[in-house]
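Me: I should like a close look at a single part of the model shown below, followed by an account of how the remainder is arranged. Please treat the matter in one connected answer.

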2 protein chains.
Amino acid sequence: MTEFHPLRPGSTIGILGGGQLGRMLSLAASQLGMKTHIFCPDAESPAFDVTPNKTVAGYDDVAALRAFAGGVDVVTYEFENVPLATAKVIAEHTPLFPGPRALEVSQDRLVEKRFLTQAGIAVAPYRAVTRRDDLDRAIAEIGLPAVLKTTRLGYDGKGQRTLRTQEDAERAFGEIGGVELVLEGFIGFEREISVIVVRGRDGAIVSYDPAENVHVDHILKTSTLPASISAAAAEKARAMAGEIASALDYVGTMGVEFFVASDGDAPQLLVNEIAPRVHNSGHWTQAVCVTDQFENHIRAICGWPLGDTTRLADVVMENLIGAEIADTAKRTGTKGLQPHVYGKAEARDGRKMGHLNLVTLPNARN
Amino acid sequence: MTEFHPLRPGSTIGILGGGQLGRMLSLAASQLGMKTHIFCPDAESPAFDVTPNKTVAGYDDVAALRAFAGGVDVVTYEFENVPLATAKVIAEHTPLFPGPRALEVSQDRLVEKRFLTQAGIAVAPYRAVTRRDDLDRAIAEIGLPAVLKTTRLGYDGKGQRTLRTQEDAERAFGEIGGVELVLEGFIGFEREISVIVVRGRDGAIVSYDPAENVHVDHILKTSTLPASISAAAAEKARAMAGEIASALDYVGTMGVEFFVASDGDAPQLLVNEIAPRVHNSGHWTQAVCVTDQFENHIRAICGWPLGDTTRLADVVMENLIGAEIADTAKRTGTKGLQPHVYGKAEARDGRKMGHLNLVTLPNARN
């Protein structure tokens with residue numbers, strides 16, 4: 001990797017992935033005077049509508065990756081399943097942020113949990129499961145209920161099963177076994193929160209107020225600010241997110257999801273998972289922060305100082321899934337509503353089509 | 001003009017003009033899921049970096065205008081000097097917002113002043129000046145000091161001269177005479193303010209808090225919120241801006257500049273000029289409003305409901321002129337600072353290269 005200096009406006013940021021996150025990253029880069037180049041195998045990528053520079057090619061197309069990397073000043077990505085081989089080809093030509101270590105850790109649940117544990121971050125009890133008898137031993141040690149998950153390529157609830165009985169275990173292993181798995185102790189959590197943390201090239205760290213997240217059918221539905229947790233718990237979650245970013249020598253915006261198992265004087269916060277990218281539960285920052293998670297990601301990877309994460313008002317972010325996008329124009333008449341539409345042609349079931357930031361009570365004072 | 005229905009995401013917005021305003025309009029359109037197509041004669045236009053769809057052609061290129069208009073769902077513009085012939089060609093094929101009437105009025109200072117006067121809006125005393133003896137008569141009636149201006153194509157102080165003596169009048173007429181002129185009474189104003197007003201297709205009107213503007217060398221340097229005027233004056237300015245928008249049957253965002261000649265119980269507000277477009281003195285809305293002036297312009301021309309103009313915090317917008325752009329990355333470390341860089345290759349003297357929104361004290365309550 002070549003040495004890195006703060007990027008000047010007019011530089012080009014390469015983005016792997018052309019979905020809504022790549023699109024919103026590109027819009028933020030444009031705000032800072034940067035050009036962007038989107039690399040995505042899907043010719044219908046929504047991010048292609050916001051820049052004149054695109055490459056339609058597979059992530060295993062080494063020649064296309066080299067040409068792409070050679071024509072940009074820095075590369076980032078919108079999803080954590082960028083193949084490590086792809087990242088390596090890029091990094092031979094151009095700085096890649098976040099670095100390959102963040103990908104390696106976040107692509108594998110087991111590697112991630114081991115990394116977090118070593119970093120002193122609390123996670124739910126877990127055991128690696130390869131063979132059928134690993135599962136029996138894991139259940140004996142962790143107990144039921146528990147959740148069996150593939151270690152790789154799971155998202156939005158895919159590749160996981162909740163086990164309440166031995167019969168569930170039998171069936172689940174039949175359905176998703178044959179690849180590396182992890183059994184996680186079932187956490188009777190009160191709520192799910194997430195922290196968006198940003199780390200700069202110089203190691204500076206900023207984070208945003210924790211969001212309280214509600215999932216429907218394993219897909220994020222709403223993020224609400226403020227979360228109904230104590231100030232101490234919020235502070236602790238932000239500190240933990242910062243520790244994770246530092247332990248990874250991370251550069252950019254990262255999402256950290258937590259289970260809040262109790263919230264008294266000593267709130268129990270367990271990290272569920274980390275995402276080495278801008279995160280759906282941070283979209284609220286667009287409406288009520290001077291610097292949103294997208295701009296801060298661009299600032300970080302460009303070596304610029306990080307921006308102000310102060311929250312100027314209360315806000316609820318609501319995802320628009322599938323056909324829910326149809327009413328957007330009508331709903332925008334609601335006071336305090338800031339819509340974001342991703343420009344996807346087809347509103348398939350379960351597909352994230354846009355989101356609404358509904359700004360409610362302003363803070364009395366920040 | 002064909003009948004107009006609310007535009008659906010995925011529609012294409014044509015923008016005449018590829019400068020920073022066109023660029024920021026395109027970014028706002030992308031937020032709402034719209035595609036954009038930029039038409040500009042300058043091949044180096046900064047707006048070309050934020051969309052894959054561009055036409056490089058002159059505003060008198062009828063074939064290019066027809067192809068452009070035929071390929072988009074609505075057309076808008078970033079500057080008021082769109083030739084009326086150009087507007088007419090566009091409007092034959094595609095809805096054009098704001099309409100030709102707004103262009104006609106704002107392109108000619110004399111037409112504008114007559115329009116405002118007829119609409120019951122106070123302006124500085126003025127006289128039309130064509131010949132040398134018109135000027136003598138105007139000076140006799142209005143007095144000195146006064147300001148002599150070309151009626152057309154003046155901006156950033158170009159085409160105007162301040163007259164304090166008969167000798168000034170002699171020289172100024174020699175320098176800028178030969179075209180239609182207007183002599184304006186010199187207003188001993190306390191401050192300059194502006195109101196950004198937005199009018200929807202349905203006639204709904206919203207406006208933003210007045211900004212207090214400081215010009216340096218006839219170029220806007222800062223816009224400060226709140227302006228140091230009374231609540232009554234702010235209310236009156238917003239009402240006047242709304243009346244102007246209604247009188248023009250305007251659709252979109254408009255900037256209205258005022259002189260505040262006094263600010264007691266009966267503040268005297270004189271309209272200096274109107275701009276039928278998003279306006280430099282409204283850039284602060286990007287940092288502290290749920291819906292900024294760009295999004296509201298796109299909402300308006302698309303027939304969507306208008307958005308919330310509540311100001312969530314105090315803010316100062318500072319233009320970065322010419323070489324001032326060089327320090328931007330360093331300055332972004334300032335708390336509360338939101339930078340916008342236009343991506344112009346060359347930082348020429350007097351050229352607007354970017355702006356900074358510095359968010360200061362939040363409002364106690366909105």
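In which loop of chain A is A:Pro145 found?

Reply: The model is a predicted one. Within it, A:Pro145 is found in the loop of chain A that runs between α6 (132-142) and β6 (146-150). The peptide bond that joins A:Leu144 to A:Pro145 is cis, with omega at about 0°. A second cis peptide bond may be described in chain B, where B:Phe97 is followed by B:Pro98 and omega is near -10°. B:Pro98 belongs to the loop between α3 (84-93) and α4 (100-106) of chain B. A further backbone feature concerns B:Asp217, which has a positive phi of about 55° although this residue is not a glycine. The loop that holds B:Asp217 lies between β11 (211-216) and β12 (219-225) of chain B. As a general matter, most peptide bonds are trans, and most residues other than glycine have a negative phi.

The strand β6 of chain A, which borders the loop of A:Pro145, also borders a loop that takes part in a salt bridge. A:Arg152 pairs with A:Asp108, and the closest N and O atoms of the two are 3.7 Å apart. This pair links distant parts of the chain, the two residues being 44 residues apart. A:Asp108 is in the loop between α4 (100-106) and α5 (109-118) of chain A, while A:Arg152 is in the loop between β6 and β7 (160-163) of chain A. Over all chains, the count of salt bridges comes to 52.

On the scale of the whole chain, the domain assignment divides chain A into domain 1 (12-96), domain 2 (125-185) and domain 3 (191-362). The centres of domain 1 and domain 2 of chain A, taken over C-alpha atoms, are separated by 35 Å.

The relation between the copies comes next. A turn of 180° with a shift of 0.0 Å along the axis lays chain B on chain A with an RMSD of 0.1 Å. The two copies are therefore related as by a two-fold rotation axis. The same surface serves both copies, for 100% of the contact residues of chain B recur in chain A.

At the interface, 46 residues of chain B are in contact with 46 residues of chain A. Between them the two chains bury about 3700 Å², of which 55% is on carbon and sulfur atoms. Four salt bridges are counted between chain B and chain A. In a salt bridge between A:Asp308 and B:Lys335, the side chains meet at 3.2 Å, N to O. Polar contacts between chain B and chain A number 22 residue pairs, both residues being at pLDDT 80 or more. On the side of chain B that touches chain A, two or more residues each come from α1 (20-31), α10 (293-301), α11 (328-331), β16 (337-341) and β17 (352-362) of chain B. The largest share of that side, five residues, comes from β16(B). By class, the side of chain B that touches chain A has 22 nonpolar, 15 polar and nine charged residues.

Conventions:
Residues numbered from 1 in each chain as written. Chains lettered and ligands numbered in written order. Predicted model: local features only at pLDDT ≥ 70, side-chain atom pairs only at ≥ 80, totals over all residues. Heavy atoms only, no water. Contact = heavy atoms within 4.5 Å. Buried area = accessible area lost by both parts, 1.4 Å probe. Polar contact = N/O pair within 3.5 Å; in protein donor to acceptor, adjacent residues only side chain to side chain. Helix = DSSP H or I, 4+ residues; strand = E, 2+ residues; numbered from the N terminus. Nonpolar A, V, L, I, M, F, W, Y, C, P; charged D, E, K, R; others polar. Domains from an automatic or database assignment. Least-squares fit on C-alpha atoms with pLDDT ≥ 70 in both.
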